[in-house]
Amino acid sequence: MSPVTTAYSAGITIEHPGLLSTIQDRGRFGLRHLGIPWSGALTPVWQRMANALVGNPLDDSIIECFEGGLRFHTFGAPIRIATLAAADMIMKLGTTDGTVSLRPGRSYTLPANTTVSLLSTGRFRHALIAVQGIQAVSQLGSTSTYAKAGLGGIGGHALSVGVSLEVSASPQGPETQCAVAPPMDYLSTILRVVMGPQDDHFSASGQEAFLSGDYQLSTDVDRMGARLTGTAIEHRDEAARDIVSDAIVPGSIQVPGNGQPIVLLNDAHTAGGYPKIATVISIDLPLLGLQRPGSSFRFKAMSLEEAIDAVREHETMVKGVIERISPVKESAISSESLFSSNLIDGVTDGFI
Amino acid sequence: MTPPPEDWTFRPAGDRTLVLEFGQIIDGALVDQVIALDARIRSAVQAGEVSGIVETTPTFRSLAVIFDPLMTTPAELLEQIRTLDYQHSTPPDTQAQHWTVPVLYGGDAGPDLASVAQQTGLTTERVIELHQQTRFKVYMLGFLPGFAFLGDTPAPLHLPRRREPRLRVPAGSVAIAMQLTGVYPWDSPGGWHILGNCPVPLFDGHQSPPALFKTGDTVNFTAIEKEPFNDIRIAVESGAFLRSSLTGSRR
C-alpha cells in the first residue's frame with residue numbers, strides 16, 4: 001500500500017464530516033470465510049449512477065453520508081462532483097447562507113476554494129457523493145471503510161475534519177444529468193423476501209405473522225443492520241430459538257428469542273446463531289438504509305426464481321437509466337448569471 | 001461414473017446465496033465435509049469448471065455459496081456443484097497449517113481460570129494442562145474478523161457460557177464455552193470463560209491473508225510466563241514479530 005501520488009494537485013478537504021461519512025465502493029468481496037463482511041455502499045444503484053454522472057468507472061469509490069452536516073471545500077483546481085439523494089436534499093455552495101443550490105442527479109464543475117455544504121439529505125437518511133477521478137486507497141481489494149477492523153477508508157476510519165481526498169485529473173467532458181428518475185421506488189413499504197434458510201424453525205402462526213404484520217423500523221439501524229418491531233414471530237419451540245452458527249449475508253432476517261426481526265446489512269458479521277426466517281432480496285435492501293425510523297414495512301414472500309427474475313429486470317432498468325445520462329448544455333457554476341438565479345430548471349424535478 | 005449422492009441439503013438464503021447444509025450440530029466430521037466441498041468448489045472456480053460464484057463461507061455445519069444472480073441461476077449452480085466429487089479430492093492450495101500459539105494463562109490475562117477450575121472440580125494447573133494438551137482444529141471463522149472457533153475443548157472443561165457476559169473481553173483473550181475455544185482478535189463483548197491471553201495478533205489488515213488462522217488449520221496452545229509474553233508484545237509492536245515463527249509442520 002503505497003501512498004497515492006498524483007501529478008494533478010486538486011481535491012476536497014473535509015471541514016465537517018457530519019454524522020457519519022465514509023468512503024465506500026462496491027465492497028470487499030472474497031473474505032467472508034475469514035469473518036470480513038462486504039461493507040460497500042448501502043445503495044449501490046445510487047453509487048453507480050453518481051459515478052456515471054462524473055464519468056468514473058461505475059464501481060469507483062463514493063462518499064456515503066448520513067443526514068445533513070457534511071461540509072467540504074475544493075482545493076487546487078476545479079473538480080467535478082455529483083450527488084445522489086432524495087429530491088428534497090439541500091446542498092449549497094458556501095455555508096448555510098449559500099444562495100446557490102446543487103441538486104441531485106446532476107454533475108457540477110466546482111472552481112477551487114468552493115465550500116459545499118450538505119445541509120439536509122431530505123426525506124432519506126443518506127446521500128452519496130461521487131468525485132471525478134477520486135483517489136482512494138484500496139485495502140484487501142476494496143476502499144470501503146470497515147472501521148471495526150480498521151480497513152479501507154482513510155487509515156481505516158470514517159472521514160474526519162481536515163482529511164483531504166485528491167483527484168487524478170482536471171474535469172473532463174461536459175456536466176451531465178439524469179434524464180429520468182432512478183428505477184427504484186425507495187419509499188416502497190414492501191420488502192420482498194425469499195423464505196429460509198431456517199423458516200422451519202418457526203411455527204405456522206409465526207410465519208403467518210411475519211408475512212401479514214406491519215413492522216416498524218426502529219431507531220436501532222446502522223450499516224450493520226436494522227431492528228424492526230411488530231407482531232412477535234413465534235419460534236417452533238424453545239429449542240428452535242438457537243441454531244449452530246450458520247452463514248449470514250446482507251438481507252438475512254434473524255429472529256432472536258423476543259420474536260422481533262433484525263435485517264442484516266453490509267457491515268454485519270458473517271455468521272450467527274439465531275435462526276433466519278427469510279432473506280430480503282438484494283435490490284430491496286437499500287430501503288432499510290434510506291428510510292427513517294418509524295417507517296412501516298410488510299414482508300412479501302416470493303420464490304427464488306421470481307427473485308432472480310426481479311433482480312435481472314431491475315438491472316436492465318438501472319442500465320437504461322445510466323445510458324440515458326446526458327450532457328447539460330450550459331455549465332451551472334461557471335456561468336455567472338446562474339449564481340444569482342435558481343439552478344433548478346425542472347428537468348429532473350420530481351427526481352425520486 | 002455417477003458421483004455419490006451429496007451429504008448436504010440445499011436451503012435458499014435470498015437471491016444470491018445457496019446454503020448447503022450438512023447437519024445442525026457442531027461435529028468435527030461435519031466440518032471436514034464442509035471443508036472438502038469448499039476446497040473442491042474453490043478449485044473448480046479457479047479451473048473455470050463453474051461460473052458465477054462470488055465467494056463461499058464455510059461454517060460448522062454448512063457451506064454458503066454466494067453467486068452473482070446476473071451470471072448464473074441457483075438451478076444451474078446446484079447442478080454444477082452436484083457433479084463435483086469433493087469426497088476424494090484435496091487441492092494442494094488449501095492445505096491446512098499447524099500453529100503453536102503462546103498463551104499466558106491465569107492472572108489478569110485469564111480472569112476466569114480460577115472459576116473454571118472451581119466449576120469443573122479441577123486444579124488450575126490441570127485446567128491449563130488439559131487445554132495445552134489438546135490439538136485443536138479451526139472449525140470456522142466469524143462473529144468478528146479473524147475470530148476463530150476451535151474444537152474440541154476437552155470434555156472435563158465443558159461449561160455453558162457465563163451468566164453475566166462481559167462488556168469488554170480484551171483482544172487476545174483465549175476463552176472457552178461448551179466444546180469450543182475461541183481467540184478474540186478484537187476487544188469485544190463476550191460471554192465465554194477467559195483462561196488466558198495470546199500476545200500474537202490474530203488479525204492484521206496489512207497482511208494477506210489478514211487472519212492468522214483459516215478454517216481447517218490445527219492449533220496447539222503453549223503456556224508462557226509473563227516475561228516472554230511481554231517480549232512478544234514488544235516484538236509485535238515494533239513489527240519484528242513474524243507469523244511464520246508459529247507455524248510447525250504441515251498436517
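Start by selecting Arg71(A) in this predicted model: at 28% relative accessibility, Arg71(A) counts as partly exposed. Now add Glu15(A), which is partly exposed too, at 24%. Their side chains meet in a salt bridge, 2.8 Å from N to O. Colour the strands next: Arg71(A) sits in β4 (residues 70-75) and Glu15(A) in β1 (residues 11-17), so this pair ties together parts that are 56 residues apart in sequence.

Stay in chain A and pick Glu67(A) and Arg125(A), another salt bridge, at 3.7 Å from N to O. Here Glu67(A) is in the loop between β3 (62-66) and β4, and Arg125(A) is in the loop between β9 (115-120) and β10 (126-131), so parts 58 residues apart in sequence get tied together. Is Arg125(A) buried or exposed? It's buried, with a relative accessible area of 10%.

Hop over to chain B and select Lys214(B) with Asp217(B); their closest N and O atoms are 3.1 Å apart in a salt bridge. Lys214(B) is partly exposed at 24%, while Asp217(B) is buried at 1%.

Now show both chains. The contact takes 44 residues from chain A and 48 from chain B. Highlight His33(A), Leu34(A) and Val244(A): they supply 18% of the area that chain A buries against chain B, more than any other three residues.

How many salt bridges cross this interface? Just one: Arg11(B) with Asp200(A), with the closest N and O atoms 3.2 Å apart. For a last stop, select Asp200(A), Arg11(B), Glu21(B) and Arg61(B) together, since salt bridges that share partners join them into one network.

Note on methods: Residues are numbered from 1 along each chain as its sequence is written. Chains are lettered from A and ligands numbered from 1 in the order in which they are written. This is a predicted model: local features need pLDDT of at least 70, side-chain atom pairs count only at pLDDT 80 or more; totals for chains, interfaces and linings use all residues. Side-chain values use heavy atoms; hydrogens and water are left out. Contact means heavy atoms within 4.5 Å. Buried area is the accessible area (1.4 Å probe) that two parts lose on being put together, summed over both. A salt bridge is a side-chain nitrogen of Lys or Arg within 4 Å of a carboxyl oxygen of Asp or Glu. Helices (H or I, at least four residues) and strands (E, at least two) are DSSP runs, numbered from the N terminus. Buried means under 20% relative accessible area, exposed over 50%, partly exposed in between (1.4 Å probe, protein chains only).
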